[in-house]
Amino acid sequence: MYEQTRRFTRADRGAAIPVIPDLEYLPAGIDTNEALTALQHALIAWEEASSVRFTLQPPEVFGVDVAALETSEEIIRVQFHDTYSDIPNTSGTLGIGGARFFLTDGGGGTVKGLACFPSVDGRVKLNHDKTSLQDPLTLESVLTHEIGHVLG
């Protein structure tokens, strides 16, 4: 049985992980500047706590659920909405985050003697209908938390 320890290896090569936001829909009362600021602060929090570096890319409209985008580009996509109804509105879930990875022992390097699988892409999706995400600090906190799931 495989343990699902995974990591992005761009940092090993001195490269930053590109992060692409989809701002097509935002939580009520949050504007584009507030959304991007919250994302930047979340990325900075992880940069300060690890060796990982990020480069924020220009926003794109993905046009599909972020979970449907499967690449091997070692990038992270952040969809500020759930217009594709992946997160049940009856749940208290504010967002979800995760990464796809290859089952290649050691392909993601070794950390403290543990072989890691290489992450190939990451995704975050927010439940934009939740009123708590209308607060910029809560939005930032949720983004930081979900990016943690992406990083493993």
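A residue counts as buried when its relative accessible area is under 20%. Keep that cut-off in mind, since this tour of a predicted model uses it at many stops.

**The whole chain**

Show everything first. Of the 152 residues in the protein chain, 43% are buried by that rule. The C-alpha trace spans about 45 × 30 × 25 Å along its principal axes. The radius of gyration is 15 Å, which agrees with the value near 15 Å expected for a compact globule of 152 residues.

Colour by secondary structure. You should find 2 helices and 8 strands. Starting at the N terminus, the order is β-β-α-β-β-β-β-β-β-α.

Turn on contacts if your viewer allows it. Take those between residues at least 6 apart in sequence: 73% of them join residues at least 24 apart.

Now switch to the surface. The chain exposes about 7700 Å², and carbon and sulfur atoms supply 51% of that area. Colour the charges next. There are 11 positive and 21 negative side chains, with the centres of the two sets 8 Å apart.

**Strand E4**

Select residues 75–79. This is strand E4, and 5 of its 5 residues are buried. Show the side chains. Which residues point one way from E4, and which the other way? Ile 75, Arg 77 and Gln 79 take one side, Ile 76 and Val 78 take the other, and all are buried. In a regular strand, side chains alternate between the two faces of the sheet.

Add residues 17–22, strand E2. E2 and E4 run parallel, joined by 4 bridges. Find Asp 22, which stands opposite Gln 79 of E4.

**Strand E8**

Select residues 117–126. Here is E8, also mostly covered, with 10 of its 10 residues buried. Strand E8 runs parallel to E4, and 5 bridges join the two. Check two opposite pairs. Ile 75 faces Asp 121 in E8, and Arg 77 stands opposite Arg 123 in E8.

Bring in residues 95–101, strand E5. How many bridges pair E5 with E8, and is the sense parallel or antiparallel? There are 7, and the sense is antiparallel. As an example, Ile 96 has Lys 125 of E8 as its bridge partner.

Finish this stop with E1, residues 6–7. E1 pairs with E8 in the parallel sense over 2 bridges. Arg 7 has Pro 118 of E8 as its bridge partner.

**Three loop residues**

Go to Ala 15, in the loop between E1 and E2. Is Ala 15 buried, partly exposed or exposed? Ala 15 is partly exposed, because its relative accessible area is 25%, and partly exposed covers the range between the 20% and 50% cut-offs. Draw a distance to Arg 53. The two C-alpha atoms are 7.3 Å apart, although the residues are 38 apart along the chain.

Next, Glu 74. This residue lies in the loop between E3 and E4. Glu 74 is buried because its relative accessible area is 13%, under the 20% limit. Check the backbone too: phi of Glu 74 is near 55 degrees, a positive value in a residue other than glycine. Most residues other than glycine have a negative phi.

Last stop: Ser 85, in the loop between E4 and E5. Phi of Ser 85 is also positive, near 60 degrees. Why does Ser 85 count as exposed? Its relative accessibility is 61%, over the 50% cut-off.

Methods. Residues are numbered from 1 along each chain as its sequence is written. This is a predicted model: local features need pLDDT of at least 70, side-chain atom pairs count only at pLDDT 80 or more; totals for chains, interfaces and linings use all residues. Side-chain values use heavy atoms; hydrogens and water are left out. The radius of gyration is taken over C-alpha atoms; the globule rule is 2.2 Å times the number of residues to the power 0.38. Buried means under 20% relative accessible area, exposed over 50%, partly exposed in between (1.4 Å probe, protein chains only). Contact means heavy atoms within 4.5 Å. Accessible areas come from the Shrake-Rupley method with a 1.4 Å probe; for residues, only the protein chains shown count as cover. Lys and Arg count as positive and Asp and Glu as negative; His and the chain ends are not counted. The place of a charge is taken as NZ of Lys, CZ of Arg, CG of Asp or CD of Glu. Two strands pair if DSSP finds at least two bridges between them.
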